[in-house]
Structure formats: C-alpha cells, structure tokens
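Visitor: I would like to go through this model and ask what stands behind each term.
Guide: Put the questions one at a time, and each value will be set against its definition.

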Amino acid sequence: MVEAINMAHAWEMAHDPLVVVLGEDVGANGGVFRATAGLQQRFGAVRVQDSPLAEGLIAGAAIGMAAQGLKPVAEIQFMGFIYPALDQIASHMARLRNRTRGRLTCPLVLRMPHGGGIHAPEHHSESLETLLCHHPGLRVVCPSSPARAYGLLLAAIRDPDPVIFLEPVRLYRFAKQEVADDGQALPIGDCFVLRPGNDLTLVTWGAMTVDSLKAAEQVAAEGVSCEVIDVGTLSPIDFETILDSVVKTGRLLIVHEAPRTVGLGAEIAATVAEEALYDLQGPIRRVTGYDTIMPLYRLEYDYIPGVARIVDGIRTTLAD
Amino acid sequence: MSSGTVVARFEIPYRGCLASDGTLCGPLPAFAEDTELLQRLYRGMVRARVFDTKAVNLQRTGKLGTYPSCLGHEATHVGVGAAMRAEDVLFTVYREVGTKFWRGVDMLDVLLYWGGDERGAVYRRNPQDFPFCVPIGSQMPHAAGAALAFQIRGEARCALVFIGDGGTSQGAFYEALNLAGAKALPLVCVIVNNRWAISVPVSAQTAAQTLAQKAIAAGIPALQVDGNDVLIVRESVGEALERARRGGGPTVIEALTYRLSDHTTSDDATRYRSASEVEAAQRIEPIARMRSFLEARGLWSEAQEQSLRRECSEAVETAVKQYLATPKQSTDSMFDYLYAQLPPGLRAQREDARRYAALRP
C-alpha cells in the first residue's frame, strides 16, 4: 500500500504544480515508511521539504500555505504524535473556511500512519480517529487497500477542504495489489461495500477491514452471508449506505481497532438505533480495541481484535 | 578550542526616535520628509483610538460583546500597517485594529466580529490577511507557512505576524521562528510587549531580559523599539520587511508599549496593578507625543485636530449605525461554510435548525 500512496503523491505533483510535500524526514529519506520516497529527487527540494521536528508547526504552517493557494500534503510521522498538532487542527484547520465565511480556505492533506501491528515502539500504534471525527470542517479518510489508498489520496489532495488521511500501518507492506497509475480518484464521503451479503452488516475501516473480510469468509463456509462495509471516510460519514444495508440484513456488527468507549462505533450504533431500530432483528454489537492503553508490542495482538473475535462477534450478533 | 571559550554572543539594540514629549531622541527616519505621511500616521492612531473608545462604550451599553481595547498600542499598530505593502499578508492577535484599518479592513468588520458575527472576518478590500486569532500564539505557524509559500513561489512578499508578551511563552512562537530562521523565510514578527498578559506581568512570564532575545535562539536578528513611537516602528518594521523581501530572512522586533486599558471589557485591571503605574504609562502614551512633534514642526493645528476628531467620530458613528442595522445571519450560515459543499448527512441538522429558528421571535 505504501507504494500506492507514493504513486498518488507523484501523480498529483506531476499534474498540479501547487502540490507541495512537507513533514519530518520526507525529503532525502522519503519518510520513515517511504511514502514520499523519491519525490524530492524527482520534484526538487523546494516542493518536497523536510520540516523542523514540531508537529504543531507542520500542521500550522500547512494552514498558512494552503490559505495562500498551495496544496500542501503534510506528513505526521506517527498518529501517536498528533497531540501537539491538535490545537492547529481543531482551532484553525477545521474552522478557517467557516470563520471567514469562505474567504480563506484550507485545501490541505495531513497524512499519518494509523493503528498498530508492526512491533513499533511506544506511542507509535495509536488509533485516534475519534479525536478528529469530533471536529466539523474536517474530512477524515482511512483507506483499507492499495487501490483505495491511491484513489482516496488523489481525492484528498484535490478536495477543497482539509483532509486527515489515516494510513493503516499494518497494510503499508502486507497489503499487495496491482494499482493502475491512472490518476483516477475515488469518492470521499462514500462507504465501500466490499462484500455483499444478506444475514448481517459488518461495518469497519482501515486495517480491520482485512480481518473482517477473513472473518466473513470463514463464516460463509457455515452458510452465513455477511455484508462487509468499509466506511472509508470516517467523517463526515456516509450513513445512507450503512442504513440501507442494515435495513436489508437486520443485523449490525461494528469492528474497529480504536478503544471502545466513545469510539466511532458508538456513533454508528447510535445512528442506526435512531434511524433503523425497527429493522433490527437483534442488538447491535461491537468488536473493538479494549479500553486500555495501547500495549507495547508483545501484547499488541492481544489488544487488536483478530479474526477469532470478529467471528465470535458475528455469531453472537446472529444468535440474539 | 579551549574550555571556557565563549562560543556565541548576542546583542539586542534599542531604537527610539520620538521622546514622550515629542522631541527627538534619535535620528529622524528618511520617510519623515514626507509630511503627508507623518500626518497620515497621526490620523491613523487617532482613528484607532476614537473607534476603540466607542467600541468600549458599545460593550458597556450592551451593544457589543466582549471587546479587547487597543488603548495605548496605537503607535505599534499603525506603524506596522504603514510599513507593510498591500501584497504582504498580516497575521494579528485580536487587538490590532489600527493595523487592520490601515490595511483596508472596515470599522464595520471589526464591530461585526466582536458583535458575534463571522461576516466581520470577510475583509472585502483585503482578501488575504488572516482574521483575528484568539488562541494565543497559534497564528505564528500560519505566518511562517504563508512566508514559506511566498518563498516557494519566488514572490517578493512578506508575512507580518504580531504576538503579545504572553504569546512568547507558547511553543508555537518558537516553533514558527525556528522554521523561519532555518529556511530564511520572509517573515517579520512584531512582539507587542504591553507588559501585561491579562494579570501576569512580563517579569513573571519570563526571566529573559528582553523578549526580542528569544529570536536569537532561532538564529534570527532581533531588536527592541519604543512601541509608543510610531516613527521608529514604521522605520524599523519597514527596514525588516525590505530585508525579508530581498531574501535577507526574518526579523523579530519587540515593541515596548503599555496596555492602558483592561485586558478586555470583561477584565478589571485594578485587581492586579497600581494606579500609579498606569499614570506613569499614560505620560508616555503614543498619540500626544506625535501631536506635539507635528505641532512643533508646524504640521498640525488645533483646527486640524478638531476636524480630524469630527471626521473620525462621524466615520465611527456611520459604522456603528451600519453594524446595529445589520440583521443577523441566517441559521443556515452555521452549516454553509463548514465545507465547500454541505455533506449530505448535515442536511437534516440544517433543516432542524431552520425549523426552530423560525419558531423563535
């Protein structure tokens, strides 16, 4: 998937001179995951700039650049380091269009790795999408495959508003797929129905999509037909696709890696309960990360929901 | 290198021109030959003060929200405005109406903003300047980003960013200066040292001898100026901007002034500072000295003063009338500027807000 992200950068930089890249180690080093590898060599050190080591500055400077008409694509090295940038994201990035009644805008992308599973050190494996989805004015996007990473990143760069782009670290190297470098964007704001089914709706995003598809495949052998929906854009969220599916299946299981309490799954469950309670044949269930600190890596797969927990979640949801 | 060798030194020069009685205490800048400009600087300061007095009164009579007075800061604010070019971009805190007016922002805009209406940030004649910035220090990275954009595009433009004495305690202040220094950005930062961050004096804010010297750590030249002297502010900021425009990199200028007012209309400064201190500051305030200077040179008369005061009052009254006659925005406006296009999921909330708005008298 990291190659697809790199390819999307290169495509858009080649076709739009306003696109510039900034972040820690994005230049000669090509980013710690190599998402920006080769970009500085190809597009020069003016358009691909290493930033000083300050996340708040990266987010804040990107706002100033975007308001000046550039299209910055800025990298935060790990999502666990997002906190110093939250002031800029919440106080300015999300609000600039609104507080100037559209006079100044923020067409930028803030990319960052999301989640755990690659034996990284402390603070390198967090799933903090809830912090960002709570802020109107932002789009929060989380691709679940190389093709969707390519298409959604292109869409994010072309979007007239700020997009937080969460890249599941487990998929950087493990997700392999041929992706056509054709400059075709995918729609931001739409869910992706990855597997049609009739018995249960499984809503998920990011790296958990891969495990959810495996779980759906496993229960298919038992004759259970799961509809797997990759939310794709976490905010603003496409509830229409989710509700249509729940009306059809009558069952809903939500799977996410982030902690359970006030996770995005709670919002999805609440909305489905408000809009489609009488279409449900049983309680909505969630399989999520625990309400614990993300453990150091020896225990990270004890924290991250695996296929077994998702399969059990499917069975429990169907049994009620 | 032997142990004990001094490996770095720095100096912070101080500059002033007009003493508090309007006589000269330093060389007069070359632009002082332009007597029309001298009068404009004075007019700009008086205009800001007349507006400010009215704004405070409007708040006291319940016609304006919380308002941060600019009383005493007029020389710094106007001097900066006069030093900038139209194509430069301004990043302020929330007090700099003198700079805003100089750059074409309407009095009506400022009243609307503090009167609770986002349309006060739609600067019709100044499409690129940023609006007031309330979270302290957070404007600094925006200015650095804009300066980086100018540098990337090879434009001879500058970002001018204000910050207060309290703001220099924020990480964003240093982060932005650090970037500006590392990349030699066309950025000029004016620290408005008005001695008080609400109730905290500079002496409690930092042990640094000057705020200007905080720039030294970022490798940026810095100086301290008399912020109550519009001539030296105009001159020093102008020089810094020209240097930045030519690729000479950033400058930090600490302007020493004094907040003669409460922090905002919600504050009561008598709780934390003495009347004698304020009286002493009153004696060195910026407007009287500039008037004395102009009068001594035969460039200003009582008749001109009367006419200016009348003109400013009329402009303010016109703006106030427009402000009070401006109907509030539609409820839709809460939703319509969140994104370029309203996300479908928000349509129902917009409808809901509309419905309840219609029910209110």
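Visitor: How do you know that contacts in chain A join residues far along the sequence?
Guide: Two residues are in contact if their C-beta atoms, placed from the backbone, lie within 7 Å. Among such pairs in chain A at least 6 apart in sequence, 80% join residues at least 24 apart. This is a predicted model, in which local features need pLDDT of at least 70 and side-chain atom pairs count only at pLDDT 80 or more, while totals for chains, interfaces and linings use all residues. Residues are numbered from 1 along each chain as its sequence is written, and chains are lettered from A and ligands numbered from 1 in the order in which they are written.

Visitor: What makes the radius of gyration of chain A agree with that of a compact globule?
Guide: The radius is taken over C-alpha atoms, and the globule rule is 2.2 Å times the number of residues to the power 0.38. For 320 residues the rule gives a value near 20 Å; chain A has 19 Å, so the two agree. The C-alpha trace of chain A spans about 60 × 45 × 40 Å along its principal axes.

Visitor: Why is strand S4 of chain A called largely enclosed?
Guide: A strand is a DSSP run (E, at least two residues), numbered from the N terminus. A residue is buried if 20 or more other C-beta atoms lie within 10 Å of its own, with C-beta atoms placed from the backbone. In S4(A), residues 109-114, 6 of the 6 residues are buried, so the strand is largely enclosed by the rest of the structure. Over chain A, 58% of the 320 residues count as buried.

Visitor: What makes S3(A) and S4(A) a pair?
Guide: Two strands pair if DSSP finds at least two bridges between them. S3(A), residues 71-75, has 3 bridges to S4(A), and the two run parallel. S4(A) also has 6 bridges to S6(A), residues 163-168, again parallel. A:Leu110 of S4(A) stands opposite A:Ala74, and its bridge partner in S6(A) is A:Ile164.

Visitor: Which residues have the most contacts inside the largest nonpolar core?
Guide: A nonpolar core is a set of buried Ala, Val, Leu, Ile, Met, Phe, Trp, Tyr and Cys residues joined through C-beta atoms within 7 Å. The largest has 200 residues, and those with the most contacts inside it include A:Ala62, B:Ala144 and B:Val188. B:Val188 touches, among others, B:Cys158, B:Leu160 and B:Ile253, not counting residues up to four places away in sequence.

Conventions. A residue is buried if 20 or more other C-beta atoms lie within 10 Å of its own, exposed if 12 or fewer, and partly exposed in between; C-beta atoms are placed from the backbone. Helices (H or I, at least four residues) and strands (E, at least two) are DSSP runs, numbered from the N terminus.
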